[in-house]
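The following note sets out points for a colleague who is examining this structure. Each point is a short paragraph and may be read against the coordinates.

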Amino acid sequence: MDGGHVGIVGVGHVGMASAAALFHASMVSRLTLVDLDERRAEGEAMDLMHGQALVGACDVRAGGVEQLAGAAVVVLCAGVSQQPGETRIDLLARNAEVFRSVADGLDEHASEAVVLIATNPVDIMSRIFADLSARPRERIIGTGTTLDSARLRALLGRRYRVDPQSVHGYVLGEHGDTEMVPWSLVSIGGTTIRDRSVLGVSWDGAAMRSLAEEVRTAAYEIVARKGWTNWAIGSVIRELVAAILRDERTVAPVSVPFTGEYGITGPWLSLPARIGRGGIDGVIAPPLEPDEEEALRASAAALDEVHAALDA
C-alpha cells in the first residue's frame, strides 16, 4: 500500500474541492481521479497537475477503479443528483446502485484502503456502503458532522470574538435535519459556555437555539445561493485524510455504526472517534444531559426509519 496515494471517486464539486485541498496541502504523492465521465476526470487531472511547480511534486492522474490499487485512502464522492419529483427514498435507491458497483470494485482493487464517504445523505450512504462491502467496519468512515461542527465553531467564534480553533464542541447525530448540539460539552478555554458568562458574553438560550438552527440549515442557504456546497467539505476531507495518512489519532465527529451507545444499535451517525492509519481506532460516547440523549436517540430513530423504508 502506497502511504501517499489517495483516490477520489466522483469528480464533481465536492470531489474536486477535496482534490484541490489535498494537492495544495502537499500531503500526497499521488492523486487518482475516478469518474464515469472519463474525459472530465482526465481534464481535471491535467489542470491540477500543472500546479506542481508551485506546490510540490504530486502525480495526478485519471483512471478506473483498478488504478486505485495500493491506495491508502479512497474518498467516495460519487452519486446521482435528485430529479424533479423524485423522493428521498428513490434517490437513495439509485445511489445505492451506484455504491454497489463501486463497493465491488474497491473491494477487489483497493481492499486495504480506508474509505472516506462524503456522498449525501452521508450517514445512510455509509451504512449502505458497509452493507455492500467486505471491508472491516473500522476502515469505513462517513464525514458525518465534522463539517457541521466546524460551522458551529465558526459561528461561536464570531459570537465570543475568539479564534474558532479555540472553541471546543461538536454537533452529533445525523448530518442533516435531526442533528443536535450537546451544549453541555461546548467550551472555550476549558470553561463550558452553557448557563454562564464567558469573556463577557452571557449565555442566551434563544440565541444559541437560533445559532444551532443556522448551523443545521447552512447547506440549504448556501445551495439556494450558489447551487451546491463544496469548499468547506473539501477542507474537512483534507483534514480527515491527513489524520489517516499521518496516523495522527485525531478525534473528530464522524459517522460510525452505533453498537449500544446510549442504548442505540444499528444506525450510522456521528460520535467523536479516534482516526488513524487503520481508520477508526475507538469511539467516544461523551456524557450527555438527559435532553441531549433524547435528541440523539431521536436522530438515530429517524435514520433507522429511512433505512427501513429503503429496504421495504
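1. How many bridges join strand 8 to strand 9, and in which direction do these strands run? In this predicted model, strand 8 (residues 187-188) and strand 9 run antiparallel and are joined by two bridges. Within this pairing, serine 187 has threonine 192 of strand 9 as its bridge partner.

2. The pairing of strands 8 and 9 belongs to an open sheet of three strands, in the order 7-8-9, with antiparallel pairing. Its edge strands are strand 7 (167-168) and strand 9 (191-192), each of which pairs on one side only. As background, strands of a sheet pair through backbone hydrogen bonds, either parallel or antiparallel.

3. A parallel case is found elsewhere in the chain. Strand 2 runs parallel to strand 3 (residues 59-62), and four bridges join the two. Opposite leucine 33 stands alanine 62, in strand 3.

4. Is strand 2 mostly covered or mostly open? Strand 2 (residues 30-34) is mostly covered, five of its five residues being buried. In a regular strand the side chains alternate between the two faces of the sheet. In strand 2, Arg30, Thr32 and Val34 point one way, while Leu31 and Leu33 point the other way; all are buried.

5. The salt bridges deserve a separate check. The whole structure contains 17 of them. One of these joins aspartate 107 to arginine 135, with the closest N and O atoms 3.2 Å apart. This pair links distant parts of the chain: aspartate 107 is in helix 4 (residues 88-109), whereas arginine 135 is in the loop between helix 5 (122-132) and strand 6 (140-142), 28 residues away. Aspartate 107 is partly exposed, at 22% relative accessible area. Arginine 135 has a relative accessible area of 2%, and therefore counts as buried.

6. Two further salt bridges lie within helices. In helix 7 (residues 205-216), arginine 216 and glutamate 213 are three residues apart, about one turn of the helix, and their side chains meet at 2.6 Å, N to O. Both partners are partly exposed, arginine 216 at 23% relative accessibility and glutamate 213 at 36%.

7. In helix 8 (residues 218-226), arginine 225 and glutamate 221 are four residues apart, again about one turn of the helix. Their side chains form a salt bridge of 2.8 Å, N to O. Arginine 225 is exposed, with a relative accessible area of 66%, whereas glutamate 221, at 40%, is partly exposed.

8. Salt bridges also occur as a network, which links Asp247, Arg249, Arg274 and Asp281. A negative surface patch, by contrast, is formed by Asp37, Glu38, Glu42 and Glu66. Of these patch residues, glutamate 42 is placed in helix 2 (residues 38-49). Why can glutamate 42 be part of a surface patch? Glutamate 42 has a relative accessible area of 38%, and patch residues need over 30%, so glutamate 42 meets that requirement.

9. The backbone geometry merits attention in the loop between strand 5 and helix 5, where proline 121 lies. The peptide bond from asparagine 120 to proline 121 is cis, with omega near -5°. Alanine 118 is found in the loop between strand 5 (114-117) and helix 5, and is buried at 12% relative accessibility. Between alanine 118 and glycine 10 the C-alpha to C-alpha distance is 10 Å, although 108 residues separate them in sequence.

10. Which residue other than glycine has a positive phi of about 55° and is placed between strand 9 and helix 7? Leucine 199 has this phi value and is in the loop between strand 9 and helix 7. At 54% relative accessibility, leucine 199 is exposed.

11. Tyrosine 262 also has a positive phi, near 55°, and is not a glycine. Its place is in the loop between strand 10 (250-259) and strand 11 (265-276). Tyrosine 262 is buried, at 14% relative accessibility. Glutamate 294, in helix 10 (residues 290-311), is 32 residues from tyrosine 262 in sequence and 9.2 Å from it in space, C-alpha to C-alpha. With a relative accessibility of 55%, glutamate 294 is exposed.

Notes: Residues are numbered from 1 along each chain as its sequence is written. This is a predicted model: local features need pLDDT of at least 70, side-chain atom pairs count only at pLDDT 80 or more; totals for chains, interfaces and linings use all residues. Side-chain values use heavy atoms; hydrogens and water are left out. Patches are made of residues with over 30% relative accessible area and no salt bridge: like charges are joined within 9 Å, nonpolar side chains (Val, Leu, Ile, Met, Phe, Trp, Tyr) within 5 Å. Accessible areas come from the Shrake-Rupley method with a 1.4 Å probe; for residues, only the protein chains shown count as cover. A salt bridge is a side-chain nitrogen of Lys or Arg within 4 Å of a carboxyl oxygen of Asp or Glu. Lys and Arg count as positive and Asp and Glu as negative; His and the chain ends are not counted. The place of a charge is taken as NZ of Lys, CZ of Arg, CG of Asp or CD of Glu. Buried means under 20% relative accessible area, exposed over 50%, partly exposed in between (1.4 Å probe, protein chains only). Two strands pair if DSSP finds at least two bridges between them.
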